[in-house]
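Here is a walk through one protein model, taken from its pockets to its aromatic rings. Keep the 3D view open while you read.

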Amino acid sequence: MIADYVRILKKEFSGYNGKKFGKDVLAGITVAAVALPLALAFGVSSGATAASGLVTAIISGLIIGVLSGASYQISGPTGAMTAILVSLVAQYGMQGVFVASLMAGVILLLCGIFKLGGLVSYLPSPVITGFTSGIAIIIALGQIDNLTGMKSSGLTNLAKIASYFTTPQTVNFTSLIIGLCVIVFMFVYPKKLGQYCPGSLAAIIIATAANLIFRFDVNTVGAIPKTIFLDDRLSFDEFDMSNVSHLIVPAVSIAALGLIESLLCGASTGRMKNEKLNADVELVAQGIGNILLPFFGGVPATAAIARTSVAIKSGGETRLTSVIHAIVLLLSMFVLGDVMSNIPLSALAGVLIVTAWRMNEWKTIKSIFSKKLKTAMFQFLITMAATVVFDLTKAILIGVVFSLIMFVVKVSDMQVTVADVDPEKLDMDNVDPEKLKFTSVVYITGPLYFGTCAKLEDKVSSLGDSYNIIFSMRGVTVADISGIEALHEYCERLISQGRMVYFSCVQPSVMDLFERTGLKEDRFKHNMFFWSTDKVFEHISSL
């Protein structure tokens, strides 16, 4: 692992010079401009503080960025992670989040050490798209309080939605107007200007300036401490260790999400830079970062696709882009802390609602539904619904289990086609057309096992007056004892009716089962097995 990391660094910094460093500096500043409003917003939406989100972006940018398995990954707080943390904060407080983050970091570290980075490749694309959309819904729903000034209660998303209708509510229309203005502003913000100042940052600057001038009666971010060691950070003395067992499932959820997000980020953005991510080194980096973050007061972090894409598009050359972005955020904390404390929470809510909208993989979703891919549609919808109703780990498991069931159903389907032989159409000189009359070929494609025996029997029973029955089994690559024995019984039944049975194109693995069950040795008093259907025709003609 260490040798892999050293090789990555040598290749990355080979020929590094002042020009490349200049590109890293500019890219780092650009990424910081994108990350600043998102770090503050994700900190608040996770149930922690804006300062916690900012510290997470700084520390992960430094530690995970330096140790990353690629030159381009930018890590920090993400919207997907907030979906887990909100309920965790409500149940166990920030100390519970810190302990769960520490445990998740250990899990990620072990996943990297034991080279489990390839696991994410087994997740079907519609499942990933589904839980991404589910996370987007959770993020949007979680902003209702900050957007409107209303108050929700409950530990689950459904309970929180229900609480809006079961408890008295008051809407802060000033907050609502600010949030809606931010949403509209971000959607109409010209893409050309986004190259110089991200729409989210511009919206936050305008909303904050307006609040400083007019002093709106709205909730704000609050004081931003000028230190990366927050007062509210991991302290084992303040945490009831009896709750550790209750944090195992949330820790696994955090680790699973960190693994999936980070590796998917590396896979998708790696194509942009034509550089492959070392998944196992990346997981070690994510593990170390999430182990250390709680000691600073940060929340769990993962690689972020949006920020990583910005880093690549801005011309970032090496992992120093991540380091510089973290340093710029650190300077912002010290220099702009007093200004950032006046950011309206509804403005951050607006930023996150737009972020949630853009998180959806709309192109993929459109493709799934426009092409009417039924299995993919169900995978997407079931995973999305499960993400909103349950937690992310359960949603992924439900999506994967459903995918496996659909896969088994699909591959277990047997296709049986019965075709009567027309001797006049055979382009073979050494066959006797008269002897091939009343001959049928049964083409079998798919697995031959107990679940498909009934389908085969139905087809065999419709052979009519055919005297010669040829089972063409080129498409049967898998069989079990039950299927072979059932086929044996069908053959006995056909021969008892005075018919002749032959087999052609039998795969070696299936032939092995024929031999072990005695079907090949039986031969029913005549030669049954041939390499091809043509050879069967020749044999019948020679009789």
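The text below takes up the pockets, then the ring pairs. The model is predicted.

Start with the largest pocket. Its space comes to about 1,700 Å³. The lining counts 49 residues. Nearest the centre of this pocket lie Ile 305, Ala 306, Arg 307, Ser 309 and Arg 358. Which helix gives the most to this lining? Helix α11, residues 248-273, does, with seven residues. By class, the lining of the largest pocket holds 26 nonpolar, 16 polar and seven charged residues.

Stay with Arg 358 for a moment. This residue is among those nearest the centre of the largest pocket. The charged end of Arg 358 also sits over a ring, that of Phe 187. The distance to the ring centre is 5.7 Å.

Now turn to the second largest pocket. About 1,100 Å³ of space lies there. Its lining is made up of 49 residues. Val 86, Ser 87, Leu 155, Asn 157 and Lys 160 are the ones nearest its centre. Helix α4, residues 79-113, gives the most to this lining, with ten residues. The classes here are 23 nonpolar, 21 polar and five charged.

Next come the aromatic rings. Two quantities describe a pair of aromatic rings: the distance of the centres and the angle of the planes. The model has twelve aromatic pairs. Take Tyr 502 and Phe 530, whose ring centres are 6.1 Å apart. Why is this pair tilted? The planes meet at 55 degrees, and tilted pairs lie between the 30 degree limit for stacked and the 60 degree limit for edge-to-face, so this pair counts as tilted. Tyr 502 belongs to strand β6, residues 500-504, and Phe 530 to strand β7, residues 529-530. The two are 28 residues apart, and their pair links distant parts of the chain. Are these residues buried or exposed? Both Tyr 502 and Phe 530 are buried.

A second pair involves the residues Phe 503 and Phe 529. Their rings are stacked, with 5.3 Å from centre to centre and 15 degrees between the planes. Phe 503 lies in strand β6 and Phe 529 in strand β7, so this pair ties together parts that are 26 residues apart in sequence. Phe 503 is buried, and Phe 529 is buried too.

Finally, look around that stacked pair. Phe 503 and Phe 529 belong to one aromatic cluster, together with Phe 471 and Phe 514.

Note on methods:
Residues numbered from 1 in each chain as written. Predicted model: local features only at pLDDT ≥ 70, side-chain atom pairs only at ≥ 80, totals over all residues. Heavy atoms only, no water. 1 Å grid on protein atoms, 1.4 Å probe; cavity = no way out; pocket = protein on both sides within 12 Å on 5 of 7 lines; lining within 4 Å. Points joined across faces, edges and corners; volume = space filled by probe spheres on them. Helix = DSSP H or I, 4+ residues; strand = E, 2+ residues; numbered from the N terminus. Nonpolar A, V, L, I, M, F, W, Y, C, P; charged D, E, K, R; others polar. Phe/Tyr/Trp six-rings, centres within 6.5 Å; stacked < 30°, edge-to-face > 60°. Buried < 20%, exposed > 50% of the residue type's maximum accessible area, 1.4 Å probe, protein only. Lys NZ or Arg CZ within 6 Å of the ring centre and 35° of its normal.
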